[in-house]
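Subject: Structure for you to look at

Hello,

I am passing on the structure we spoke about, together with notes on what was found in it. Please open it first and then read on.

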Amino acid sequence: MKHARRAFLTPVPWVASFAALNAELERQCLARLRETAGRDPRPVGERLNADLAALMRLPAGPFEACDIVAAPGAATKDGANILDARD
């Protein structure tokens, strides 16, 4: 997001509508997929496809990222609940 903000939204674009802004951002993002970045000579889009192919599938059902500890006094001094985070 940091790259997109710096590359596509600085300076702030002047457009007639959100639809026009979305169309312009889409055009710029699609052009970016054909560019190279860093030391890798492959285009950004090719590298993105390789990353997407390597990602794990989404779980079939709901996934709870942590367990809420429901023990008396299980809160920080600021009143935040203490969670048992799963790695």
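The notes below go from the whole chain to single elements and residues.

Please keep in mind that this is a predicted model.

Overall make-up

The protein has 3 helices and 4 strands. Read from the N terminus, the order of the elements is α-α-β-β-α-β-β. Of the 87 residues in the protein, 7% are buried. The exposed surface of the protein comes to about 7900 Å², and carbon and sulfur atoms supply 60% of that area. Among contacts with a separation of 6 or more, 5% are between residues 24 or more positions apart.

The loop between H1 and H2

Pro11 sits in the loop that runs between H1 and H2. The peptide bond that joins Thr10 and Pro11 is cis, with omega at about -5 degrees.

Helix H2

Helix H2 covers residues 18–32, which is 15 residues. From the first C-alpha to the last, H2 reaches 21 Å, close to the 21 Å expected at 1.5 Å a residue.

Which residues of H2 are buried? They are Leu21, Gln28 and Arg32. Viewed down the axis of H2, the buried residues fall within an arc of 45 degrees, so they line one face of the helix. What do these buried residues pack against? Their partners are helix H1 (2–8), strand E1 and helix H3 (44–54). On the face of H2 turned away from the buried side are the exposed residues Ala19, Asn22 and Glu26.

Gln28, Arg27 and Glu24

Two residues of helix H2 deserve a separate note: Gln28 and Arg27.

Why does Gln28 count as buried? Its relative accessibility is 18%, and the cut-off for buried is under 20%. Leaving aside neighbours within four places in sequence, Gln28 is in contact with Ala7 and Phe8. The side chain of Gln28 also makes a polar contact of 2.7 Å with the side chain of Glu24.

Arg27 has a relative accessibility of 48% and counts as partly exposed. The side chains of Arg27 and Glu24 are joined by a polar contact of 2.6 Å. The side chain of Glu24 thus appears in two polar contacts, one with Gln28 and one with Arg27.

The hairpin of E1 and E2

Strand E1 consists of residues 36–37 and strand E2 of residues 40–43. In which sense do E1 and E2 pair, parallel or antiparallel? The pairing is antiparallel, over 2 bridges. Together E1 and E2 form a hairpin, with 2 residues between the strands. In the turn, Gly38 has a positive phi of about 70 degrees.

One of the bridges links Ala37 to Asp40 in E2. Asp40 belongs to strand E2 and is partly exposed, with a relative accessible area of 22%. The side chain of Asp40 is joined to the side chain of Arg42 by a polar contact of 2.8 Å. As background, side chains in a regular strand alternate between the two faces of the sheet.

Where to start

If you want a place to begin, look at H2 with its buried residues Leu21, Gln28 and Arg32, and then at the hairpin formed by E1 and E2.

Regards

Key
Residues are numbered from 1 along each chain as its sequence is written. This is a predicted model: local features need pLDDT of at least 70, side-chain atom pairs count only at pLDDT 80 or more; totals for chains, interfaces and linings use all residues. Side-chain values use heavy atoms; hydrogens and water are left out. Two strands pair if DSSP finds at least two bridges between them. Buried means under 20% relative accessible area, exposed over 50%, partly exposed in between (1.4 Å probe, protein chains only). Contact means heavy atoms within 4.5 Å. Accessible areas come from the Shrake-Rupley method with a 1.4 Å probe; for residues, only the protein chains shown count as cover. The expected span of a helix is 1.5 Å times one less than its number of residues. The arc is that of the directions from the helix axis to the C-beta atoms. A polar contact is a pair of N or O atoms within 3.5 Å; within protein, one must be able to donate a hydrogen and the other to accept it, and residues adjacent in sequence count only if both atoms are side-chain atoms.
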